[in-house]
Amino acid sequence: MDNVQRIYRRTEKNLIPRRPCPDCGTPVRAVWREHPGFSADINPQGDAIWRCLGEQCFTGRVGF
């Protein structure tokens, strides 16, 4: 999973794939965060962050 694409454009954010949580295996949707300073662009780039909301997930809560 080291070669996972993490930067997406605003128009691509609905196409970001789900990834399984490394702790519990639950499929998790990504949260898209816009890069600071790119808000003036028509189609800005942003980071995809996956966070699991499971109670026993230590790695998933921080983000992967």
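In this predicted model, R9 stands opposite Q45 in strand 5. A second residue pair lies along the same topic of strand pairing: Y8 has G46 of strand 5 as its bridge partner. Strand 1 and strand 5, the latter made of residues 45-50, pair in the antiparallel sense over 3 bridges.

## The sheet

Strand 5 also pairs with strand 4: the two run antiparallel and are joined by 5 bridges. One of the facing pairs here is A30 with W50 of strand 5. Taken together, 3 strands form an open sheet in the order 1-5-4, with antiparallel pairing. Its edge strands are strand 1 (7-9) and strand 4 (30-34), each of which pairs on one side only. From one strand to the next, the twist averages 40°. Strands of a sheet pair through backbone hydrogen bonds, either parallel or antiparallel.

## The chain as a whole

The chain has 1 helix and 5 strands. Read from the N terminus on, the elements run β-β-β-β-β-α. The C-alpha trace spans about 40 × 20 × 20 Å along its principal axes. The chain has 64 residues, and 23% of them count as buried. Among the contacts with a separation of 6 or more, 44% come from residues 24 or more positions apart.

## The core and the rings

The largest nonpolar core has 10 residues in all: Y8, I16, C21, V28, W32, A48, W50, C52, C57 and F64. One of these core residues, C57, is in contact with C21, D23, C24 and C52, leaving aside its neighbours within four places in sequence. The core list includes Y8, W32, W50 and F64, yet the structure holds 0 aromatic pairs. W50 does have a charged residue over its ring: R19 lies over the face of W50, at 4.7 Å from the ring centre.

## Four residues in turn

R6 is found in the segment before strand 1. With a relative accessible area of 36%, R6 is partly exposed, because that value falls between the cut-offs of 20% and 50%. Leaving aside neighbours within four places in sequence, R6 is in contact with R19, G46, D47, A48, W50 and F64.

R33 has its place in strand 4. At 44% relative accessibility, R33 also counts as partly exposed. Not counting residues up to four places away in sequence, R33 touches G46, D47, I49 and R51. G46 and D47 thus appear among the contacts of R33 and among those of R6.

P44 sits in the loop between strand 4 and strand 5. P44 counts as buried, since its relative accessibility is 0% and the limit for buried is under 20%.

F64 belongs to the segment after helix 1 (59-62). Its relative accessibility of 12% is also under 20%, so F64 counts as buried. Not counting residues up to four places away in sequence, F64 touches R6, R19, P20, C21, P22, V28, W50, R51, C52 and T59. Among these contacts, C21, V28, W50 and C52 are listed with F64 in the largest nonpolar core. R19, which lies over the face of W50, is in the contact list of F64 and in that of R6.

## Distances along the chain and in space

For each of the four residues just described, the table sets a separation in sequence beside a C-alpha to C-alpha distance.

| Residue pair | Apart in sequence | C-alpha to C-alpha distance |
|---|---|---|
| R33 and G46 | 13 residues | 5.1 Å |
| R6 and W50 | 44 residues | 9.7 Å |
| F64 and L53 | 11 residues | 12 Å |
| P44 and R6 | 38 residues | 14 Å |

Two of the pairs in the table are also contacts: R33 touches G46, and R6 is in contact with W50.

## Strand 5 and its neighbours

Several of the details above meet at strand 5. In the sheet order 1-5-4, strand 5 stands between strand 1 and strand 4. Q45 stands opposite R9, G46 is the bridge partner of Y8, and W50 stands opposite A30. W50 is part of the largest nonpolar core, as is A48. R6 is in contact with both A48 and W50, and W50 is also touched by F64.

Conventions
Residues numbered from 1 in each chain as written. Predicted model: local features only at pLDDT ≥ 70, side-chain atom pairs only at ≥ 80, totals over all residues. Heavy atoms only, no water. Phe/Tyr/Trp six-rings, centres within 6.5 Å; stacked < 30°, edge-to-face > 60°. Lys NZ or Arg CZ within 6 Å of the ring centre and 35° of its normal. Pairing = 2+ DSSP bridges. Helix = DSSP H or I, 4+ residues; strand = E, 2+ residues; numbered from the N terminus. Axes fitted to C-alpha atoms, helices over the stretch in contact; angles between N-to-C directions. Core = buried A, V, L, I, M, F, W, Y, C linked by side-chain atoms within 4.5 Å. Buried < 20%, exposed > 50% of the residue type's maximum accessible area, 1.4 Å probe, protein only. Contact = heavy atoms within 4.5 Å.
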